[in-house]
Amino acid sequence: MEKIDIKKITVDDIDQLQKIGKQTFYETFSIYNTDEDMQKYVTESFSVAQLNTELNNENSEFYFAEINKRTVGYLKLNYGISQTELKDDKTLEIERIYVLKDFHGKKIGQILCDQAINIAKQKNVDFIWLGVWGENLKAIHFYKKNGFVEFDKHIFKLGDKEQTDMMMKLKLKNDY
């Protein structure tokens with residue numbers, strides 16, 4: 001197996017983040033959504049201005065997964081008020097884990113998930129949570145395999161369509 005490196009993303013990496021963000025989102029969701037909805041979402045979510053704001057947010061972190069200096073996946077984490085839902089200082093949100101389709105099955109998603117868990121432990125949070133589209137059975141299975149359990153649902157808006165996401169969490173402390 002090839003060595004997978006994890007690299008913290010900075011503003012200098014914005015072009016590469018935009019490229020992989022758009023590509024992995026299209027690879028994952030384009031067969032389920034209209035071209036119009038996909039275009040609207042990626043235009044807003046992966047604009048240079050939006051990514052610049054996210055990269056400069058002190059409560060968010062991005063990481064690339066790289067093989068031979070080629071970016072093959074990425075991770076986005078949110079803390080405190082930057083979380084999309086809970087906004088709790090004792091929780092950490094995995095907002096995104098995406099891997100290029102050609103690299104599925106190579107444990108890259110697992111390495112990114114492990115990175116999130118290690119950071120959460122360093123930050124001494126009670127649990128990690130995330131939202132995953134209820135129709136994305138492969139991702140749901142992946143998170144369940146990693147110990148995440150469903151605890152709620154929320155609406156994710158993609159273009160003009162509202163989709164239901166399953167909210168899942170992984171407890172890191174037994175007293176929570």
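Glutamine 122 sits in helix α4, which covers residues 108-122, where helices are DSSP runs of H or I with at least four residues and strands are runs of E with at least two, both numbered from the N terminus. Glutamine 122 is exposed, with a relative accessible area of 66%; exposed stands for over 50% relative accessible area, buried for under 20%, and partly exposed for what lies in between, with a 1.4 Å probe and protein chains only. From glutamine 122 to glutamate 162 the separation is 40 residues in sequence and 35 Å in space, C-alpha to C-alpha.

The model is predicted, and local features need pLDDT of at least 70 and side-chain atom pairs pLDDT 80 or more, whereas totals for chains, interfaces and linings use all residues. Residues are numbered from 1 along each chain as its sequence is written, and side-chain values use heavy atoms, with hydrogens and water left out.

**Overall fold**

The protein holds five helices and seven strands, and from the N terminus on these elements follow the order β-α-α-α-β-β-β-α-β-α-β-β. Its radius of gyration is 15 Å, close to the 16 Å that the globule rule gives for 176 residues, so the protein is as compact as a globular protein of that length; the radius is taken over C-alpha atoms, and the rule is 2.2 Å times the number of residues to the power 0.38. The C-alpha trace spans about 45 × 40 × 30 Å along its principal axes. Of the 176 residues, 49% are buried. Among contacts (heavy atoms within 4.5 Å) with a separation of 6 or more, 62% come from residues 24 or more positions apart.

**Two helices with a buried face**

In helix α2 (residues 35-45), the residues Asp37, Met38, Tyr41, Val42 and Ser45 are buried. Seen down the axis of α2, these buried residues fall within an arc of 120°, so they line one face of the helix; the arc is that of the directions from the helix axis to the C-beta atoms. Asp35 and Glu36 are exposed on the other side of α2, while the buried residues of α2 pack against α1 (14-29), α3 (48-55), β4 (91-99), β6 (149-158) and β7 (161-171).

Helix α5 (residues 137-145) has Ala139, Ile140, Phe142 and Tyr143 as buried residues. Seen down the axis of α5, they fall within an arc of 160°, so they line one face of that helix. The face turned away from this buried side carries the exposed residues Leu137, Lys138, His141, Lys144 and Lys145, and the cover over the buried residues of α5 includes β4, α4, β5 and β7.

**Positive phi angles**

Most residues other than glycine have a negative phi. Lysine 107 and asparagine 124, listed below, are not glycines and have a positive phi.

| Residue | Phi | Place | Relative accessibility |
|---|---|---|---|
| Lysine 107 | about 70° | loop between β4 and α4 | 52%, exposed |
| Asparagine 124 | about 60° | loop between α4 and β5 (127-133) | 42%, partly exposed |

A positive phi of about 95° is also taken by glycine 147, just after α5.
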